[in-house]
Amino acid sequence: MTEPLLKMRGVKLEGRSDEVWSPIINGIDLTLMRGEVLGLIGESGAGKSTLGLAAMGYTRDGVRINAGTVEFDGIDLLAASAATKRNLLGKRIAYVAQSAAASFNPAHRLMDQHVEGPVQHGVMSRTESESDAIELYRKLRLPDPEQIGFRYPHQVSGGQLQRAMTAMAMSCRPDLIIFDEPTTALDVTTQIEVLASIRDIVEQFNTAAIYITHDLAVVAQMADRIKVLLKGDEVETADTRTMLAAPTQEYTKSLWAVRSFQRPRKPAVIVGAVPVISVQSVDARYGTTPVLHDVSFDLHEGRTVAVVGESGSGKSTAARCIAGLLPPAAGQILLDGQVLPPDYRKRSKDQLRQVQMIYQMADTALNPRMSVGRIIARPVQFYLGLTGAVKRKRVDQLLEQIEMEPTEYYNRLPSELSGGQKQRIGIARALAAEPKFIICDEVTSALDQLVAEGILRLLAKLQDDLHLSYMFITHDLATVRAIADEVVVMKDGRVVERGPKDVMFKPPHDPYTELLLSSVPEMDPDWLTNLLAERGVDDIGGAAVDKM
Amino acid sequence: MGNVLKIILQRLALGMLTLLIVSVVIFVAVNLLPGDFAESILGQGATPEAVASIRRDLGLDQPLVVRYFDWLGGVARGDLGSSFAQANFASFTGTNSGTKTVADQIAPRFANTMFLATVTAVIAVPFAIILGIMAALYRNSVFDRATNILTLSSISSPEFFLAYILILFLAVLNPILPSLSNIYDGMAFGDRLEKTLLPALTLTLVVTAHMMRMTRAAIINLLASPYIEMARLKGLSPIRVIVRHALPNALAPIINVIALNLAYLITGVVVVEVVFVYPGIGQLFVDSVKIRDIPVVQACCLIFAAAYILLNLTADIMSILSNPRMRHPK
């Protein structure tokens with residue numbers, strides 16, 4: 001235990017864009033002992049993933065290591081030949097990617113991909129590796145461990161794939177595993193299962209790990225030590241408990257602060273007021289598959305309803321029904337007390353104008369070939385009929401409302417904006433129609449916590465200024481706490497529970513709401529252990545599957 | 001699988017419909033050509049009576065629509081009709097027993113064309129794919145560039161030029177292969193193959209570039225995918241990463257380009273046939289157009305169209321089957 005397993009010294013990395021090399025990591029030292037788990041935390045763009053890959057001696061296209069050393073168990077990875085590195089990768093250093101769905105080859109069964117490493121590296125025969133895989137699947141509490149390996153990736157759910165990928169990383173019993181945001185794409189309830197599985201198996205085989213994430217609460221459960229990165233520099237490194245108890249740097253403290261944003265409570269709705277949007281007993285189907293059952297809720301002016309639930313619970317489908325993209329099979333939707341035609345093609349321009357959407361992926365929701373000015377100007381012209389100088393003035397005004405300087409941003413293309421800025425443009429585009437009601441579909445889930453908080457604050461301010469009503473679709477309960485007035489909890493296409501936020505966050509809860517609430521990681525290193533104990537799951541691996 | 005079967009049946013039905021439309025287009029287009037068989041066979045000194053008599057014999061005096069449906073009815077019964085040229089020849093000799101049907105005339109030629117296409121495909125398809133894989137593996141290397149330049153130059157040169165170059169090097173300067181491909185019925189397979197090799201090599205040069213470049217591009221396109229990165233991070237060799245992890249996911253576009261080139265091999269090799277005196281269907285087709293032998297022209301066109309449609313259908317089905325989501329639904 002005296003010699004570190006991984007020693008990185010003064011590592012500098014550069015990335016190329018438009019033929020110019022700019023720094024990503026500016027000289028980082030990292031030491032990892034055998035069996036130790038190091039949490040690497042920071043916003044996106046902080047260089048966490050790049051650093052994680054560099055620990056494997058690997059860089060993506062357009063990235064290069066231009067200074068420093070990476071030593072794994074005494075082997076200099078940067079000087080090693082390609083063959084030497086190939087012999088280490090997969091066998092002694094393994095990688096678990098953020099999106100298991102994208103990182104499993106769609107053309108091969110899980111098992112074929114699992115045994116590939118051991119067989120190619122000559123660690124085990126195919127039969128040995130297959131029975132070992134089944135053992136690992138069992139340890140990771142995958143359902144039907146005997147058979148699941150013989151499925152294709154698209155036949156397995158995201159959370160299960162993430163565990164299968166962890167099993168694959170374990171296939172050669174490596175000394176070190178790099179976990180690159182393995183639970184970021186998962187629902188809170190699924191996240192817990194994956195976190196618990198990963199933690200157990202890493203402990204059981206005494207594997208060292210680097211755990212990369214942007215979620216402090218998650219890393220608190222997983223890591224022995226935490227290293228905070230900001231724009232390619234190390235902010236601080238400390239033992240997990242020490243850091244959580246007493247972060248020394250301002251930036252680290254600000255990461256904590258994000259979760260504290262909360263809107264003041266609004267006065268109660270006037271009795272008898274006509275709701276802006278009223279969803280009444282809506283059923284919906286995709287083809288013949290029913291996806292929504294008897295969904296009802298009201299939303300009043302200037303208020304926010306948060307619709308929460310796991311993926312597949314029907315949140316987005318409800319939004320599609322309201323927007324008229326998916327005409328409901330039964331029930332109706334009222335805008336200001338007037339029945340809206342179910343199909344958006346049958347709605348008047350004014351009805352269309354009143355209901356706007358902001359999307360999760362600002363990246364794909366903005367036309368990459370249109371400048372910011374044109375993107376915002378389109379609805380201004382289409383809905384309000386403004387042209388020429390008046391239109392330009394209105395666009396400038398909208399840009400100011402979203403706190404972006406018109407002269408600087410008017411002519412930029414989406415590719416020249418950061419993720420948070422793109423999402424602001426999405427907001428401005430929705431505002432341009434001067435709507436009453438905006439559907440925000442997971443608008444912050446692709447953003448870092450600090451940026452997301454900025455977006456939430458902006459939305460709150462706009463709501464106060466313009467008396468907007470929001471339907472906030474999210475799976476993140478921290479967001480709900482921050483912004484909602486009312487909460488609708490959905491599961492399997494049904495509303496499980498609804499009511500004012502204060503009531504919803506106080507017991508007693510519907511069992512499903514309780515599960516959702518308790519699944520949100522907390523900033524306490526013992527949270528996961530305690531929670532699992534409470535739920536009666538044996539977290540020392542190999543135990544019976546607790547169907548949560 | 002029921003899903004896939006449904007798609008296949010749908011495509012087949014669509015293919016039949018396309019074929020029907022194609023037949024109308026062919027029929028109209030051929031009839032739009034100036035002059036007809038009677039005029040071209042009788043030459044400039046023909047009397048109007050002689051022309052009219054031949055037209056009457058061949059049914060050319062009937063309205064277009066009637067002739068089309070006569071012909072279509074025949075095709076539906078599997079009768080492609082009789083060649084004008086052969087019928088004429090028979091009536092001059094006073095016997096009708098020697099009349100050759102279009103089917104008799106086309107069958108051996110078509111068999112020859114298929115033979116040439118098959119030999120070429122057996123050489124060209126694996127060659128192009130292996131070349132494409134190697135180019136993707138050593139992308140941007142000297143090998144990659146050289147392959148690109150060579151295949152592009154060969155596709156950019158006229159076919160007859162390639163053919164003469166090959167004849168020069170492989171038949172004249174180094175007499176390894178025969179320069180004439182005058183194959184005939186009852187020839188031993190080995191001889192037939194030897195005679196076919198030079199035109200097959202010429203065609204290989206013509207079709208390789210397209211398939212090779214698509215293979216290379218389709219693979220390289222996938223190299224930035226997370227699962228390719230994963231394969232690399234598992235310490236797999238570069239060749240394994242490409243052949244096992246990239247290629248299976250790149251099959252759909254490659255299959256489509258292969259189908260397109262195979263269709264070309266069946267329908268578009270007239271020039272090569274002429275250079276090597278190869279008795280394929282292309283030459284027959286051109287000759288028939290020259291003398292306005294409409295039944296033969298129509299039959300050839302129909303075969304060409306059917307070949308295109310069938311090959312594209314096969315490519316579609318194989319692309320669908322190459323996707324595990326289609327083979328193994330949830």
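Strands, helices and confidence in a predicted two-chain model

Modeller: In this predicted model, strand E1 (residues 6–17) of chain A and strand E4 (residues 63–72) of chain A run antiparallel and are joined by eight bridges.

Colleague: What makes E1 and E4 of chain A a pair?

Modeller: Pairing requires at least two bridges between the strands. E1 and E4 of chain A have eight, so they count as paired. Within this pairing, Gly15(A) is opposite Val63(A) of E4(A).

Colleague: Which strands form the sheet, and in what order?

Modeller: Four strands of chain A form it, in the order E2-E1-E4-E5, with antiparallel pairing. The sheet is open.

Colleague: Why do E2 and E5 of chain A stand at the edges?

Modeller: Strand E2 (20–32) and strand E5 (75–76) of chain A each have a single partner strand, so one side of each has no neighbour in the sheet.

Colleague: How do you know which residues of chain A and chain B are in contact?

Modeller: The test is whether the C-beta atoms, placed from the backbone, lie within 7 Å. By that test 24 residues of chain A are in contact with 15 residues of chain B. Helix H2 (82–88), helix H3 (100–103) and helix H4 (110–120) of chain A each supply at least two residues of the side that touches chain B. By class, that side of chain A has 11 nonpolar, 10 polar and three charged residues. For the complex, the predictor gives an ipTM of 0.77 and a pTM of 0.78.

Colleague: What makes the crossing of H6(B) and H9(B) right-handed?

Modeller: A crossing is right-handed if the near helix is turned clockwise from the far one by less than a right angle. The axes of helix H6 (residues 102–137) and helix H9 (residues 189–222) of chain B cross at roughly 35° and come within 6 Å, and their crossing is right-handed. Their contact has 22 nonpolar, six polar and one charged residues.

Colleague: Where in chain B is the confidence lowest among the elements, and where highest?

Modeller: Helix H5 (residues 84–92) of chain B has the lowest mean pLDDT, 55, and helix H10 (residues 226–233) of chain B the highest, 93. Over residues 89–97 of chain B pLDDT stays under 50, and the model has five contacts beyond four places in sequence for them. Chain B as a whole averages 85, with 95% of the residues scoring at least 70.

Colleague: How is chain B divided into domains?

Modeller: The domain assignment gives domain 1 (2–92) and domain 2 (106–290) of chain B. Their C-alpha centres lie 34 Å apart.

How values were computed
Residues numbered from 1 in each chain as written. Chains lettered and ligands numbered in written order. Predicted model: local features only at pLDDT ≥ 70, side-chain atom pairs only at ≥ 80, totals over all residues. pLDDT = per-residue confidence, 0-100. Contact = placed C-beta atoms within 7 Å. Nonpolar A, V, L, I, M, F, W, Y, C, P; charged D, E, K, R; others polar. Axes fitted to C-alpha atoms, helices over the stretch in contact; angles between N-to-C directions. Domains from an automatic or database assignment.
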